[in-house]
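Here are some notes to read alongside the model, set out point by point. I hope they help you find your way around.

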Amino acid sequence: MTQKPIKRDENIRHFSKEHHFSLLFCWKIRQGIKKDVDRERIRRYVKYFWVKCLQPHFQTEEELLFVPSGSRMVQRALNEHKLIGELVAVILKPAARDVSKKLSLLADAINDHVRFEERQLFPHLEKKLGRTKLQSIGEHMPEEIPADEYRDDFWNWPSTL
């Protein structure tokens with residue numbers, strides 16, 4: 001069963017576009033694990049994507065979208081941001097154990113988080129914030145989505161060796 005695309009207010013559509021790349025990030029991690037790629041290669045990608053894409057995305061959501069609301073859904077999103085950041089930190093520790101398991105947990109956590117924001121939180125915020133606030137948020141959105149220019153296509157292994 002395919003799901004109908006979610007209509008998103010144009011002022012926060014940028015977040016949804018970034019979510020697409022976050023889901024692709026999860027897919028790449030899962031492909032790397034499935035193809036038994038050296039975990040260090042995957043960890044390097046996690047570090048790259050965290051710094052270049054996820055961390056700035058979380059910060060922008062928290063500064064522009066989450067600040068005006070004290071709802072439980074916003075609190076859940078903030079808690080999930082924190083949990084994902086902590087999981088990334090554990091994965092990036094040089095002596096990290098059970099890296100495959102933690103990478104899978106990270107992919108699952110991000111996937112679930114994106115689905116929650118897209119299906120529940122954003123529709124809630126679109127109603128709660130109102131047109132004027134959404135337009136104000138849109139005026140502060142970055143022009144471009146950070147490009148994923150990572151050079152090691154480990155998820156296509158072994159063809160990238």
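The points below take up the helices, the salt bridges, the surface and the loops in turn.

1. A word on the source before anything else. What you have on screen is a predicted model, so please read each point with that in mind.

2. Let me start with helix H3, which runs over residues 72–92. Its 21 residues should span 30 Å at 1.5 Å a residue, and the end C-alpha atoms are indeed 30 Å apart, so the two values agree. The expected span is 1.5 Å times one less than the number of residues, in case you wish to redo the sum.

3. Which residues of H3 are buried? The set consists of Val74, Ala77, Glu80, His81, Ile84, Gly85, Leu87, Val88 and Ile91. Around the axis they cover an arc of only 160°, which means that they sit on the same side of H3. On the face turned away from that buried side, you will find the exposed residues Arg72 and Lys82.

4. What do the buried residues of H3 pack against? Their partners are helix H2 (39–66) and helix H4 (99–139).

5. H3 also holds a salt bridge within its own length. The side chains of Arg76 and Glu80 meet at 2.8 Å, N to O. These two residues are 4 apart in helix H3, so about one helical turn separates them. Are the two partners buried or exposed? Arg76 is partly exposed, because its relative accessibility is 37%, whereas Glu80, at 16%, counts as buried. The cut-off that matters for Glu80 is that buried means under 20% relative accessible area.

6. Turning to the wider picture of charged pairs, a search of the whole structure finds 11 salt bridges. As a reminder, side chains of opposite charge can pair when their charged atoms come close. One of the bridges is between Arg8 and Glu126, at 3.3 Å from N to O. This pair links distant parts of the chain, with Arg8 in the segment before H1 and Glu126 in helix H4, 118 residues apart. Both Arg8 and Glu126 are buried.

7. Arg131 and Glu10 make another salt bridge, again given as 3.3 Å, N to O. Here too the pair links distant parts of the chain: Arg131 belongs to helix H4 and Glu10 to the segment before H1, 121 residues apart. Arg131 counts as partly exposed because its relative accessible area is 39%.

8. The segment before H1 deserves one further look, at Ile6. This residue is partly exposed, with a relative accessible area of 43%. If you set aside its neighbours within four places in sequence, Ile6 is in contact with Glu118 and Arg119. Between the C-alpha atoms of Ile6 and Tyr150, which are 144 residues apart along the chain, the separation is 29 Å.

9. Helix H1 passes the length check as well. At 1.5 Å a residue its 22 residues should span 32 Å, and the end C-alpha atoms are 32 Å apart, so expectation and model agree. Trp27 has its place in this helix, residues 13–34, and is partly exposed at a relative accessible area of 40%. Together with Phe21 and Leu24, Trp27 forms a nonpolar patch on the surface, with about 270 Å² of accessible area in total.

10. Two loop residues may catch your eye when you go through the backbone angles. Asp36 has a positive phi of about 55° although it is not a glycine. Where is Asp36 found? It is in the loop between H1 and H2, just after H1, and at 57% relative accessibility it counts as exposed. Asp98 has a positive phi of about 50° and is not a glycine either. Asp98 lies in the loop between H3 and H4 and is exposed, with a relative accessible area of 55%.

11. Lastly, Ala96 also has its place in the loop between H3 and H4. Leaving out its neighbours within four places in sequence, Ala96 is in contact with Val90 and Ile91; Ile91 is one of the buried residues of H3. Ala96 and Ile29 are 67 residues apart in sequence, and their C-alpha atoms are 17 Å apart in space.

Conventions:
Residues are numbered from 1 along each chain as its sequence is written. This is a predicted model: local features need pLDDT of at least 70, side-chain atom pairs count only at pLDDT 80 or more; totals for chains, interfaces and linings use all residues. Side-chain values use heavy atoms; hydrogens and water are left out. Buried means under 20% relative accessible area, exposed over 50%, partly exposed in between (1.4 Å probe, protein chains only). The arc is that of the directions from the helix axis to the C-beta atoms. Contact means heavy atoms within 4.5 Å. Patches are made of residues with over 30% relative accessible area and no salt bridge: like charges are joined within 9 Å, nonpolar side chains (Val, Leu, Ile, Met, Phe, Trp, Tyr) within 5 Å. Accessible areas come from the Shrake-Rupley method with a 1.4 Å probe; for residues, only the protein chains shown count as cover. A salt bridge is a side-chain nitrogen of Lys or Arg within 4 Å of a carboxyl oxygen of Asp or Glu.
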